[in-house]
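Visitor: I should like a close look at a single part of this model, namely its disulfides. Please take the structure below as the basis for the discussion.

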Amino acid sequence: MAASALALVVACQTLTSPVARASGTTAEVWITTADGVKKLTRSADGTFDSGPRKVDITVDADARAQRFTGAGASLTEASAELIAGLPDRRRTALLNDLFSSGGDGIGLDYLRQPLGGTDFVSRLPYYSYEDDPGKFSIARDKQKILPLVRRALKINPDIRIMASPWSAPGWMKKNGWLGGGRLKPERYDDYAGYLVKSIQAYRKAGVPVDDLTVANEPLFEAVYPSMRMSSDEQVKLFRILDRKLSAAGLGTGLFAFDHNWSRPDYALDVLNKTSDIKRVQGASFHCYRGRPEQQQDVRDAGERVFFTECSSTDGENGTQDFSQALKWQTENWVIRTLRSGSETVVLWNLALDQHGRPNYGYCKDCNGVVEVRGDTVRKNAEYYTLGHVSKFVDQGARRIGSTTQGPGGVQNVSFENPDGERVSVVLNSARSARTFSLTEKGKSLVYKLPAGAVATFTWPGP
């Protein structure tokens, strides 16, 4: 399900600096075009001074859906290695671009942080925090990951952190090592304690953990850190972990599943069997199998939905086609995912090099939100896809009703920020320019959007 035929932007452009907010019936417009000439560029304002057109997006703020919790990616060890290696001024500029909501920044405010090693470590061997029983340490994370997360939190104190382990320490598992396998029945208590110690160690290091999953992709086993876990096994672990988190005075929320859209039944089984545990709040999903709409089953059951991982890849020629990437990502990661109940849009690696490395797993030519090549940084389509949401939709916003066309048409998702401001992210997925209207309370703004372009409209509520 990861996007194929996607690749890297040849050049990186600076975002247009923000100007004063529009007032009355005027909307600010920010646009990214398929050819990359405009990238999150402030365009001419639009005015709600017309009637609806044949293609119309009608916004209804009285139809309120899920809250918005954040957008971001994962600062993996691979990403941290590359970002830490940049010259100080360039590293500072990149972190501001990623996490600041003012100036040129896109204001990322959600990080999903692996607890221990993944396929995207900076070097072998893979690791956990307790490879030898009784010798717990997060020393490896303290080298580059945690200092960068702290810098991100200093730039944006509202960043929310989810922690996700790829595996329990090998000695806790039936196969005796990090790759694949299951927890030993007698080690559930040990593993729950290990997760509590991990959260406590992160907090002591200045990185509070708000949300937690207990096994990345529990239906997949690999040579890199991974661990199979059935829904019943996850229920058993949740009950032990809830008691230990409570005893430690930690309010960290638990999220079930953390795997593909194709298996909402797994998530629902866990949630149904732990309905008495207050800290079990919902489920998280990845993009690699299934459709975004399948996560709606969890939302319809009254549970929270987080979209927590997807990674796009380079095309056949080894370079990212910006226009294809922008269109596919906005349609699938932003519009369809958010319209299907998700509170987050969280991608995989924050940064990778031009070869999708450092990488010690199966994902070849994977892309980060940015590409770091030596001392240079290029902003991928992922950066702008996220930016069209994260720069404008505030934490605590609510998705509101809006009409939309399907694939090949003018698609959108709309929000109301806590201060009443409206935000609508619009994609023209047609092969030619389309004129449409954006309508609220009978007043319409008419706009012509080029083929494959994305625009974010913001305007005050009536």
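Which residue forms a disulfide with Cys363, and how many Å apart are their sulfur atoms?

Guide: The model is a predicted one, in which local features need pLDDT of at least 70 and side-chain atom pairs count only at pLDDT 80 or more, while totals for chains, interfaces and linings use all residues. Residues are numbered from 1 along each chain as its sequence is written, and side-chain values use heavy atoms, with hydrogens and water left out.

Cys363 forms a disulfide with Cys366, and the two sulfur atoms are 1.4 Å apart. The term denotes a pair of cysteine sulfur atoms within 2.5 Å. Cys363 is partly exposed, at a relative accessible area of 23%, whereas Cys366 is buried, at 1%. Here buried means under 20% relative accessible area, exposed means over 50%, and partly exposed lies in between, as computed with a 1.4 Å probe on protein chains only.

By the sulfur distance rule, the count comes to 2 disulfides. When bonded cysteines are counted along the chain, the pattern is 1-2, 3-4. The other link joins Cys287 to Cys310, with an S to S distance of 1.9 Å. This link is right-handed, with 70° about the S-S bond. Cys287 lies in the loop between β9 (280-286) and α8 (296-300), and Cys310 in the loop between β10 (304-309) and α9 (322-339), so the pair ties together parts that are 23 residues apart in sequence. The helices (H or I, at least four residues) and strands (E, at least two) named here are DSSP runs, numbered from the N terminus. Both ends of this disulfide are covered: Cys287 is buried, with a relative accessible area of 0%, and Cys310 is buried, with 2%.

The strands that precede these two loops belong to a sheet. β9 and β10 pair in the parallel sense over 5 bridges; two strands count as paired if DSSP finds at least two bridges between them. One of the contacts places Ser284 opposite Phe306 in β10 as its bridge partner. The sheet is open and has 8 strands, in the order β10-β9-β8-β7-β6-β5-β4-β11, with parallel pairing. Its edge strands are β10 and β11 (344-349), each of which pairs on one side only. The loop that holds Cys310 thus has an edge strand, β10, on one side of it in sequence.
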